[in-house]
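Trainee: I'd love to walk through this structure with you, beginning with its pockets. Could we take it step by step?

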Amino acid sequence: MATSLHNLSDYDTQAVPDASNMCFGIVVSEWNKEITGALLEGTVNTLEKHGTLPENIHVKTVPGSFELVYGAHQMTLNGGYDAIIILGCVIRGETPHFDYICQGVTAGIAHLNATSEIPVVYGLLTTDNLQQAKDRSGGTMGNKGDECAVVAIKMAKF
Ligand code: DLZ
């Protein structure tokens, strides 16, 4: 959880394994593209910062966050990845749709982690408004994409 006490881009670089021999799959949602594009940029930059080759970072897009589970599942079936990262942003609206999407994606990714051999990293921003999403995709709270990249590298090494 991003709080005023924790910046999503702050981490101990010494504690991150070398990622030069690792291969990652990223599934990114087109909904709230301004935000998910910034998440993707942070993720890719941080993976490369720790040695991952650009050709070993495979990015696929899906229409919305609800489709992230399907995309990640397909990547686990394809194999060849050390870890998979999903990136999405769901912003609360006036209907319960927000809750259904968040619950569906969260349960789906948890299920994949419990049943597949490849770790799937949860990069879903769930915010009350656009400003909170901006704050967490390269703004005042850092970038969730940086955090996801570090988690993916650590889980690949697990
Ligand atoms: C329909 C919908 C709504 C209302 N809001 C969002 C959102 O804030 N973020 C997001 O990633 N996707 C949203 N979607 C689209 C759903 O995730 C999904 O693509 C559609 O319900 C079709 O399955």
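Trainee: What volume does the largest pocket have?

Mentor: Happy to help, and keep in mind that this is a predicted model. Rolling a probe the size of a water molecule over the atoms shows where empty space is left. For the largest pocket, the volume comes to about 270 Å³.

Trainee: Which residues are closest to the centre of the largest pocket?

Mentor: The lining has 15 residues in total. By class, 7 of them are nonpolar, 6 polar and 2 charged. Closest to the centre are Trp-31, Val-90, Ile-91, His-97 and Ile-101.

Trainee: Which elements each supply at least two residues of that lining?

Mentor: Look for one strand and one helix here. The two elements are strand 3 (83–91) and helix 3 (97–115).

Trainee: Where does the ligand sit?

Mentor: Start with the residues around the ligand, which include Trp-31, Val-90, Ile-91, His-97 and Ile-101. Those five names are also the ones closest to the centre of the largest pocket. The ligand indeed sits in the largest pocket.

Trainee: Which element gives the most to the shell around the ligand?

Mentor: Two elements give two or more residues to this shell, helix 3 and strand 3. The top contribution is 3 residues, and it comes from strand 3.

Trainee: Which residue has a backbone N or O atom 2.8 Å from a nitrogen atom of the ligand?

Mentor: Let's set the side-chain contacts aside first. Ser-65 has a polar side-chain atom 2.6 Å from a ligand oxygen, and a side-chain N or O atom of Ser-29 is 3.5 Å from an oxygen atom of the ligand. The backbone contact to the ligand nitrogen belongs to Cys-89.

Trainee: How much of the ligand's accessible area does the protein cover?

Mentor: On its own, the ligand has 490 Å² of accessible area. Of that, the protein covers 71%.

Conventions
Residues are numbered from 1 along each chain as its sequence is written. This is a predicted model: local features need pLDDT of at least 70, side-chain atom pairs count only at pLDDT 80 or more; totals for chains, interfaces and linings use all residues. Side-chain values use heavy atoms; hydrogens and water are left out. On a 1 Å grid over the protein atoms alone, a cavity is a set of points where a 1.4 Å probe fits but cannot get out, and a pocket is an open set with protein on both sides within 12 Å along at least five of seven lines; lining residues have an atom within 4 Å of a point. Grid points are joined across faces, edges and corners, and a volume is the space filled by probe spheres set on the points. Helices (H or I, at least four residues) and strands (E, at least two) are DSSP runs, numbered from the N terminus. Ala, Val, Leu, Ile, Met, Phe, Trp, Tyr, Cys and Pro count as nonpolar, Asp, Glu, Lys and Arg as charged, and the others, Gly among them, as polar. A residue is near a molecule or strand if one of its heavy atoms lies within 4 Å of it. A polar contact is a pair of N or O atoms within 3.5 Å; within protein, one must be able to donate a hydrogen and the other to accept it, and residues adjacent in sequence count only if both atoms are side-chain atoms. Accessible areas come from the Shrake-Rupley method with a 1.4 Å probe; for residues, only the protein chains shown count as cover. A molecule sits in a cavity or pocket if more than half of its atoms lie within 2 Å of its grid points.
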